[in-house]
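Q: Could you take a close look at one part of this structure for me, the place where the chains meet? I'd love a connected account of it.

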Number of protein chains: 2
Amino acid sequence: MTTPTLPNTRLWSDKAKSLSPYVPGEQPKHANLCKLNTNENPFAPSPKAIAAMRAVLDDEAVLRLYPEPESDALRQALADFHGLDIDEVFVGNGSDEVLALVFASFFLKPQPLLTPDIGYSFYPVYADTFGVELQKIPLNADFCIDINDYQAPCGGIIIANPNAPTGVLLSLADIETLARRHSDSVVVIDEAYIDYADDVAAASAVSLIRKYDNLVVTQTFSKSRALAGLRVGMAFANPSLIAALSAMKNSFNSYPLDRVAQAGAAASIADGEYFEQKRLEVIALRAALVNDLNELGFKVLPSSANFVFAAPNHHTLSAKDVFEKLREQGVIVRHWQKERISEYLRITVGTAEQNARLIQVLTQIL
Amino acid sequence: MTTPTLPNTRLWSDKAKSLSPYVPGEQPKHANLCKLNTNENPFAPSPKAIAAMRAVLDDEAVLRLYPEPESDALRQALADFHGLDIDEVFVGNGSDEVLALVFASFFLKPQPLLTPDIGYSFYPVYADTFGVELQKIPLNADFCIDINDYQAPCGGIIIANPNAPTGVLLSLADIETLARRHSDSVVVIDEAYIDYADDVAAASAVSLIRKYDNLVVTQTFSKSRALAGLRVGMAFANPSLIAALSAMKNSFNSYPLDRVAQAGAAASIADGEYFEQKRLEVIALRAALVNDLNELGFKVLPSSANFVFAAPNHHTLSAKDVFEKLREQGVIVRHWQKERISEYLRITVGTAEQNARLIQVLTQIL
């Protein structure tokens with residue numbers, strides 16, 4: 001939205017005045033850019049998902065009607081996929097909305113919420129929005145989470161796994177330890193990128209939600225499902241926690257998912273074969289990209305995501321310089337001018353052609 | 001969502017424990033019901049809207065990408081329709097989401113928010129959610145708003161116009177007086193049903209937003225645009241107020257509108273001819289329905305909406321009895337067991353066939 005540089009805030013609530021809104025990665029309106037900045041899937045969504053959405057549009061009587069408010073068919077599809085019951089599944093308008101409801105439902109506590117100092121940059125924004133005190137725990141020197149740093153009494157824990165923007169994976173054993181140690185707080189594992197772990201089954205905490213009634217796992221259709229344009233996210237947890245999310249949702253917006261989105265997402269989940277094939281292709285593309293970046297002298301963190309976090313390690317050019325020079329050549333990646341990570345670029349794994357263009361331009365620059 | 005009767009709230013925030021969520025009108029899953037309970041449009045959306053949504057699905061490269069976060073094309077279409085600038089327009093995931101952001105942006109004030117005692121039943125829920133003190137001002141005996149009852153110092157005013165569930169319209173002159181008298185508070189006119197006023201131009205407060213910098217007008221695609229299944233709502237106001245909504249949105253969920261919804265809504269707005277034709281058809285159907293209900297002895301409030309609020313006035317059957325007997329015959333309307341309105345039914349204006357079925361069943365019952 002075109003925000004005036006200095007809006008007149010006379011009529012704003014104090015809360016509105018105090019906000020520091022999230023700044024999403026740029027969505028450039030020009031074509032022909034090599035867009036490697038927002039971790040979208042290089043491949044199209046499942047053709048079955050597209051067909052299901054077309055079917056909604058083909059029934060001219062249907063869009064005039066409200067959607068099913070609790071997205072039952074979609075939640076059932078997700079439950080079936082993970083071997084869960086429908087009351088262990090929550091869905092929302094992108095995992096960003098799901099996370100917002102998570103903050104409001106579980107983290108408004110007297111003790112602070114613990115989260116890594118480097119993580120998804122929306123978490124501090126949510127904390128601001130909902131008045132949650134946030135305590136940032138530094139990642140170690142390798143950008144890994146040491147769970148022994150999370151021993152303080154807390155009102156909750158939230159960790160992106162694999163972490164963003166590093167791509168580094170925390171082991172399921174460590175997650176289990178966190179959930180066990182903090183049994184009176186809600187531990188949220190934000191698995192936006194989990195499907196790009198080599199062994200998803202061994203990496204995802206969804207398998208733990210029946211064992212730990214304080215564990216919430218969030219996921220999204222925006223990455224591995226190639227449906228960022230559709231806005232669907234989900235959470236898996238004990239029915240008591242799902243009931244809290246549901247109550248919060250119905251105190252905010254009863255119908256967050258439109259009919260097209262519900263149908264498309266459910267059909268995507270049902271198409272396991274396409275999903276697995278494209279997931280493995282991205283993992284292979286990532287391996288090739290890491291290899292190429294290493295050859296150019298980049299230091300690349302071990303990634304379990306569809307992006308890599310890579311430091312140019314150049315003797316004269318900073319990461320910011322490289323970011324800007326890439327941009328001049330029409331290749332967009334992401335860079336944060338923030339402590340500890342300013343020498344890194346976050347680069348989405350693109351198609352083979354996109355990755356080749358990136359490497360070609362980098363070769364010119366460096 | 002299947003909420004357990006008594007969920008274990010051990011890990012819920014106090015806020016989550018204190019909620020009284022909104023209960024939307026039933027979305028029955030069985031076909032062949034005469035569904036006159038949630039004020040949906042009896043007609044299909046514009047064929048041009050459907051075509052625009054199909055075009056999104058035809059481009060297989062596009063849904064994998066995030067949508068434009070500020071919905072610029074849609075906001076521009078709305079600005080063009082109303083003769084406004086894009087920075088006077090905000091859009092969200094249904095007007096319910098827009099209203100939630102309005103509450104958080106403007107009504108968190110030391111003084112109470114004023115609203116009619118009978119109005120959209122989501123307002124008290126939002127007040128709860130965001131910790132806004134609500135002061136309900138009784139409608140007069142004719143279910144009209146007397147603006148002289150709104151003279152107390154306040155932190156804001158919100159009024160549905162036409163009001164829900166009464167359908168009664170407040171004049172633009174009265175709205176102007178409210179905005180002028182309360183120049184230091186935000187006055188919100190929720191125009192979900194305004195397009196069913198006989199003379200929309202003379203009824204809608206959108207024409208006043210440049211005159212009163214404290215006036216916010218919300219509307220929706222769910223009623224007159226026949227896109228309840230798509231979840232798109234909007235607000236019109238001074239750019240400073242739009243900037244607050246935008247900041248609040250970006251502190252909660254950056255991408256509330258998916259690509260299909262943005263495209264469909266924008267194309268719907270551009271199809272003025274279809275819109276006007278269907279709008280007038282619903283108004284004509286409403287007149288016929290009111291006539292038929294009057295003949296059956298109903299007292300019907302004057303409606304500027306696509307529903308009527310009607311009291312059976314029966315000597316032995318209560319409104320609740322009639323509601324239940326209609327339901328037994330597969331005709332679903334809405335009834336609230338609440339003070340002042342328990343003797344009324346809210347009946348959506350359906351197709352000629354649906355209205356005939358309603359009248360036929362009522363004739364049997366009464």
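A: Happy to; here is a walk through the interface and then the nonpolar packing. Please keep in mind that this is a predicted model.

Let's start with the extent of the contact. Chain A brings 97 residues to it, and chain B likewise brings 97 residues. Together the two chains bury about 7900 Å², and carbon and sulfur atoms account for 60% of that area.

Next come the polar links. Between chain B and chain A there are six salt bridges. One of the pairs joined by a salt bridge is Asp213(B) with Arg10(A), at 3.0 Å from N to O. Polar contacts across the interface of chain B and chain A come to 46 residue pairs, with both residues at pLDDT 80 or more.

Now for the side of chain B that touches chain A. Elements of chain B that each give at least two residues to this side include α2 (47-58), α4 (94-106), α9 (259-270) and the strand β2 (89-92). The largest share, nine residues, is from α8(B). Sorted by class, this side of chain B holds 52 nonpolar, 23 polar and 22 charged residues.

Finally, the nonpolar packing. The largest nonpolar core has 116 residues, and Leu215(A) and Leu215(B) touch the most other members. Leaving aside residues up to four places away in sequence, the neighbours that Leu215(B) touches include Ile175(B), Val187(B), Leu208(B), Phe236(B) and Leu241(B). Another core, of 78 residues, lies apart from the one just described; among its members are Val98(A), Val216(A), Ala237(B) and Ile242(B).

How values were computed: Residues numbered from 1 in each chain as written. Chains lettered and ligands numbered in written order. Predicted model: local features only at pLDDT ≥ 70, side-chain atom pairs only at ≥ 80, totals over all residues. Heavy atoms only, no water. Contact = heavy atoms within 4.5 Å. Buried area = accessible area lost by both parts, 1.4 Å probe. Salt bridge = Lys/Arg side-chain N within 4 Å of Asp/Glu carboxyl O. Polar contact = N/O pair within 3.5 Å; in protein donor to acceptor, adjacent residues only side chain to side chain. Helix = DSSP H or I, 4+ residues; strand = E, 2+ residues; numbered from the N terminus. Nonpolar A, V, L, I, M, F, W, Y, C, P; charged D, E, K, R; others polar. Core = buried A, V, L, I, M, F, W, Y, C linked by side-chain atoms within 4.5 Å. Buried < 20%, exposed > 50% of the residue type's maximum accessible area, 1.4 Å probe, protein only.
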